[in-house]
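Work through the exercises below with the model open. Try each task before reading its solution.

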Amino acid sequence: MRLSQYPIPTLKEVPADAEVVSHQLMLRTGMIRRLAAGLYTWMPIGLRTLRKVERIIREEMDRAGALELSMPTVQPAELWRESGRWNEFGPELLRFKDRHDREFAYGPTHEEVITDIARRELRSYRQLPVNFYQIQTKFRDEIRPRFGVMRAREFLMKDAYSFHADETSLAAGYRLMFEAYGRIFTRLGLKFRAVDADSGSIGGTASQEFHVLADSGEDAIAFSDGDEYAANLELAAAIAPAAARGAPTQPLTKVATPGARTMADLCLFLGVEAARCVKTLIVDGVDGAVVAMVVRGDHELNALKAQKLPGVANPLRMASAERVREATGAEPGSLGPVGFPGRIYVDHAAACLADFVCGANEKDQHFTGVNWGRDLAVPEGLDIRNAVAGDPSPGGRGRLNIARGIEVGHIFQLGRKYSEAMGAAVLDEQGKNVTMYMGCYGIGVTRVVAAAIEQNHDANGIVWPEAIAPFQVVLVPLSYQKSAPLREATDALYRDFTAAGFDVLLDDRDARAGVKFADSELLGIPHRYVLGERGLAAGTIEYRHRRDSAAVQIPLGEAVRHVQGRSAA
């Protein structure tokens, strides 16, 4: 392709409304253009990368035995009512009526549609297991679409759904998809982690997310440096300390702490570390009461873990100031477990403390020298906090690291959540009806492109992994318009690269060398070859990989073999 044939110009300035690097660079390179909030047109150069991502996904899904189909994006409300999600899904589900006043939704996902297909087409256990997939447009009416295609309202997704006769088959199918996803993201050239995750609105039991590691990631993930353990931070286990709780050495003492409303204030005032204190958080209970959550002063309560405990409101809600006063007689900032009349849950790390500091349930008053078993009942330690860097790995070896990640894939063992609600059954070997088990496996295709940029860029632009670069090679001739011999040599080299199977971009514009170099850096094409009249006379061409800091001269006649060697490396 000749760059002069691309009418979409690159932009020098960073667009004012682009908050993250991927959004900025996708606009600057002309990959996308905004139509409305959360809606983007994929321009020719952007579509080339998107299609390469799709191709790799298709190849690995086909390799894993999945069957491609294409389901409608518009879905009848009746199916969503059958599954129970018409009202549960929330305002992200775009609902509308047709001219006959029938209700429909623009599909954000396709569990209901595929389950309807399965109950109509699958009759016998002999047809199982089976896995259907599609690469299809989805729409979720995000309240605040942002970050370009990272969190757009309309996006391209690969979604797959498997059907099984029993749980053993489901587990095997789930493992096949886990392995296929690993191959996909490896081939895409991305650094990623698979982590244990919550099933959210999709439902089901086992669930894992695939995250591209990037400093700009919205999600925090915890992973071990000594074993294979990895989990989304909201699910990462914080195991109990190995050391036993120490014996009391200090008397229980009430201390005035005027103005010490935060943990930082308290530690400064008393000259203690946060790890020697506990903080008590009061949350709403299910029966109108309140529940106390006690964690160490340097730890944070994990809402997902806490809301699953008996007697705790789900979703977790912090109790109002009025309810806190009614339950404790104190204001937030001076709360503690000593004398608390209601249910108390204590984190493992807090339960192991001796001679600790806590609120006295009186304004501007705290206790020091507090001990479990002497001043209040010995608690059953629970995991109710966020894991932190340095915690022991729940896998048994090493310690946890915390990194930021961008979720690009999610796989679920749905079980019978949808098949049971919608009556999707087959006949087993004895001729009895058995409800099928289901799996669900998604990849955000458009999000993969943005995540790849977030992970692979520098001050000059994108640094594409070769597998998904819009072009593999860029030819930058100097004086292309003025020198016939140079133009002929460049055109011949362009034909040679193309014949060898490379996607080549020829910068044949009548532009200054600096402009061409800047655009090749911005576009992030892996292999750049620069041919000038001096090099032509000497029989050499300048080569520089996008990740290299310096260029090298190679024989002009070796250019194709050279890039073949670099691409294979």
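The exercises cover salt bridges and one pocket in this predicted model.

**Exercise 1. Find the partner of R2 and state what the pair connects.**

Step 1. Apply the cut-off: a side-chain nitrogen of Lys or Arg within 4 Å of a carboxyl oxygen of Asp or Glu. R2 and D508 pass, with their closest N and O atoms 3.8 Å apart.

Step 2. Place both residues. R2 sits in the segment before α1 (21-28), and D508 in the loop between β26 (504-506) and α13 (513-523), so the salt bridge ties together parts 506 residues apart in sequence.

Step 3. Check accessibility. Buried means under 20% relative accessible area. D508 is buried, at 7%. R2 is partly exposed, at 24%.

**Exercise 2. Locate the two ends of the salt bridge between D364 and R261.**

Step 1. Take the distance. The closest N and O atoms of D364 and R261 are 3.8 Å apart.

Step 2. Assign the loops. D364 lies in the loop between β17 (356-359) and β18 (365-370). R261 lies in the loop between β13 (253-256) and α6 (263-270). The pair links distant parts of the chain, 103 residues apart.

Step 3. Classify R261. Its relative accessibility is 40%, which counts as partly exposed.

**Exercise 3. Describe the pair D298 and R296, then the network that includes R55.**

Step 1. Start with the pair. D298 and R296 form a salt bridge at 2.8 Å, N to O. D298 is partly exposed, with a relative accessible area of 36%.

Step 2. Turn to the network. Salt bridges link R55, E59, E60, R63, R183 and R187.

Step 3. Recall the principle. Opposite charges on side chains can pair when the charged atoms come close.

Step 4. Set these cases against the total. The salt-bridge count for the model comes to 47.

**Exercise 4. Characterise the second largest pocket: its volume, its lining and the element that gives the most to it.**

Step 1. Get the volume. The second largest pocket has about 340 Å³.

Step 2. List the residues closest to its centre. They are R261, K279, T280, P332 and G333, out of 23 lining residues.

Step 3. Identify the elements. α6, β14 (278-284), α8 (321-328) and β17 each give two or more residues to this lining. β14 gives the most, with five.

Step 4. Sort the lining by residue class. It divides into 14 nonpolar, seven polar and two charged residues.

Step 5. Connect back to Exercise 2. R261, the salt-bridge partner of D364, is one of the residues closest to the centre of this pocket.

How values were computed:
Residues are numbered from 1 along each chain as its sequence is written. This is a predicted model: local features need pLDDT of at least 70, side-chain atom pairs count only at pLDDT 80 or more; totals for chains, interfaces and linings use all residues. Side-chain values use heavy atoms; hydrogens and water are left out. Helices (H or I, at least four residues) and strands (E, at least two) are DSSP runs, numbered from the N terminus. Buried means under 20% relative accessible area, exposed over 50%, partly exposed in between (1.4 Å probe, protein chains only). On a 1 Å grid over the protein atoms alone, a cavity is a set of points where a 1.4 Å probe fits but cannot get out, and a pocket is an open set with protein on both sides within 12 Å along at least five of seven lines; lining residues have an atom within 4 Å of a point. Grid points are joined across faces, edges and corners, and a volume is the space filled by probe spheres set on the points. Ala, Val, Leu, Ile, Met, Phe, Trp, Tyr, Cys and Pro count as nonpolar, Asp, Glu, Lys and Arg as charged, and the others, Gly among them, as polar.
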